[in-house]
Amino acid sequence: MITAEIVDKWMKLFYSKISEQKAYLSELDTPIGDGDHGNNMMRGMQGVEDSLDKLSNPDLKTILKTVAMALISKVGGAAGPLYGTAFLEMAKNCEKTQAPAELFKLALEGIKKRGGATTGDKTMIDVWAPAVAALETDSLSVEKIEAAAAGTKDLVAKKGRASYLGERSVGHLDPGAVSSQYLFESFIEAGGIE
Amino acid sequence: MTKKIGIVIVSHVPEVAMGIPKLLEQVAADVSITSAGGTDDNEIGTSAGKIMDAFERNKAQKLLAFYDLGSAKMNLELAVEMSDKKVNIYDVALVEGAYTAATLLEADVTLEDVEEQLAPLKIK
Ligand SMILES: Nc1ncnc2c1ncn2[C@@H]1O[C@H](COP(=O)(O)OP(=O)(O)OP(=O)(O)O)[C@@H](O)[C@H]1O
Ligand SMILES: [Mg+2]
């Protein structure tokens with residue numbers, strides 16, 4: 001069950017992973033993008049941290065919506081509207097259900113709708129889709145998420161900036177898939193699936 | 001008199017977003033044209049907030065929006081969801097598409113006919 005406390009912990013853990021891996025994420029974005037993914041995510045998570053600091057005892061919907069709005073306004077790249085939409089979908093639906101499998105599934109649908117991409121297009125969806133499938137069978141693990149992110153290496157990009165490279169995008173990890181790996185790892189560490 | 005339909009330009013680069021209206025204004029003095037470029041810190045990227053602002057500043061209630069790359073469209077869609085104005089987003093070549101629309105709107109061509117001329121410019 002997702003609670004406001006878990007989301008708070010989750011965002012702190014995600015922020016610290018993004019800070020640690022900022023240079024690496026931007027490096028991944030260099031050969032197949034514009035080299036800014038780490039900086040974008042760092043700016044976004046700083047914004048999340050600042051906005052969450054201003055809340056006192058927020059309920060689940062408020063905290064999810066605050067994360068969404070901070071990401072939408074601060075990230076600057078494609079990851080902003082995509083992650084932002086994911087959290088917005090969770091905020092919209094969290095009164096009906098707090099089950100991770102259901103909320104992440106709705107979030108994933110939001111990402112697909114926002115960016116028009118699907119599984120196999122070498123985007124963050126290639127981590128989100130297997131993660132949601134694993135949540136549905138109570139089998140989400142760090143190993144599965146890492147394997148999903150690693151799997152983007154062999155794919156040809158069909159969406160986002162990497163798609164302009166076509167076949168030449170093969171052999172590189174998708175930066176958004178790797179930041180999504182950190183997002184799900186942080187969720188597990190925050191006790192999201194206990 | 002200002003036309004009923006306006007144009008909004010969205011680019012990752014502030015200078016591109018400021019430059020395209022100059023090209024259009026030359027042929028469409030009565031069309032309200034506003035733009036949004038770059039992130040909130042004027043870095044390369046797009047901002048849903050800046051796009052909302054471009055919608056608000058536009059004198060028309062119905063807007064035709066043109067954009068450059070990926071995230072520009074996503075932020076445009078987010079802004080459309082938050083705005084009261086009616087906005088159509090076109091997946092056409094940015095400069096040529098916006099120029100086509102500006103020229104035709106200035107000549108009071110119907111939206112249907114504008115869209116017919118935009119159709120072959122679809123590239124995304
Ligand atoms: N249409 C899309 N659908 C799903 N994910 C996408 C899409 N476009 C990009 N992404 C994801 O976003 C990541 C890139 O995020 P980043 O913040 O670097 O944006 P960007 O491509 O630089 O944005 P912009 O085009 O505005 O400069 C990609 O690695 C990919 O995972
Ligand atoms: Mg990038």
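**Exercise 1. Decide whether Glu189(A) is buried, partly exposed or exposed.**

*Step 1.* The relative accessible area of Glu189(A) is 44%.
*Step 2.* Compare this with the cut-offs: buried means under 20% relative accessible area, exposed means over 50%, and partly exposed is what lies in between, with a 1.4 Å probe and protein chains only.
*Step 3.* Glu189(A) is therefore partly exposed.

Before going on, a word on the ground rules. Residues are numbered from 1 along each chain as its sequence is written, while chains are lettered from A and ligands numbered from 1 in the order in which they are written. The model is predicted, so local features need pLDDT of at least 70 and side-chain atom pairs count only at pLDDT 80 or more, whereas totals for chains, interfaces and linings use all residues; side-chain values use heavy atoms, leaving out hydrogens and water.

**Exercise 2. Find the salt bridge between Lys17(A) and Glu189(A), and say which helices it joins.**

*Step 1.* Recall the rule: a salt bridge is a side-chain nitrogen of Lys or Arg within 4 Å of a carboxyl oxygen of Asp or Glu. Side chains of opposite charge can pair when their charged atoms come close.
*Step 2.* Between Lys17(A) and Glu189(A), the N to O distance is 2.8 Å.
*Step 3.* Lys17(A) sits in helix H1 (residues 4-32) of chain A and Glu189(A) in helix H8 (residues 175-189) of chain A, so the pair ties together parts 172 residues apart in sequence. Helices here are DSSP runs (H or I, at least four residues), as are strands (E, at least two), numbered from the N terminus.
*Step 4.* Lys17(A), at 14% relative accessibility, counts as buried.

**Exercise 3. Work out which parts of chain A are linked by Glu95(A) and Lys61(A).**

*Step 1.* These two residues form a salt bridge whose closest N and O atoms are 3.5 Å apart.
*Step 2.* Glu95(A) belongs to the loop between helix H4 (79-93) and helix H5 (100-115) of chain A, and Lys61(A) to helix H3 (residues 60-74) of chain A; the two are 34 residues apart.
*Step 3.* Glu95(A) is exposed at 60% relative accessible area, and Lys61(A) is partly exposed at 31%.

**Exercise 4. Explain how Arg57(B) and Asp53(B) are placed within their helix.**

*Step 1.* Arg57(B) and Asp53(B) form a salt bridge, with 3.1 Å between the closest N and O atoms.
*Step 2.* They are separated by about one helical turn, because they are four residues apart in helix H2 (residues 48-57) of chain B.
*Step 3.* Both ends are partly exposed: Arg57(B) at 44% and Asp53(B) at 40%.

**Exercise 5. Name the residues of the salt-bridge network that includes Arg114(A), and give the total count of salt bridges.**

*Step 1.* Arg114(A) is linked with Glu77(B) and Glu81(B) in a network of salt bridges.
*Step 2.* Over all chains, a search of the whole structure finds 13 salt bridges.

**Exercise 6. Compare the two UniProt annotations and their helix content.**

*Step 1.* UniProt's unreviewed entry annotates residues 5-189 of chain A as "domain: DhaL". The positions follow the numbering used here, feature names are shortened, and annotations may be inferred rather than shown by experiment.
*Step 2.* This span is 69% helix and 0% strand, and its end C-alpha atoms lie 13 Å apart.
*Step 3.* For residues 4-124 of chain B, UniProt lists "domain: PTS EIIA type-4" (unreviewed entry).
*Step 4.* Those residues are 46% helix and 19% strand, with end C-alpha atoms 27 Å apart.

**Exercise 7. Locate Asp138(A) and Asp108(B), and look at the sign of phi in each.**

*Step 1.* Most residues other than glycine have a negative phi, and most peptide bonds are trans.
*Step 2.* Asp138(A) has a positive phi of about 55°. This residue is in the loop between helix H6 (125-136) and H7 of chain A, and is exposed at 77%.
*Step 3.* Asp108(B) also has a positive phi, near 60°. Asp108(B) lies in the loop between helix H4 (94-106) and H5 of chain B, and is exposed at 58%.
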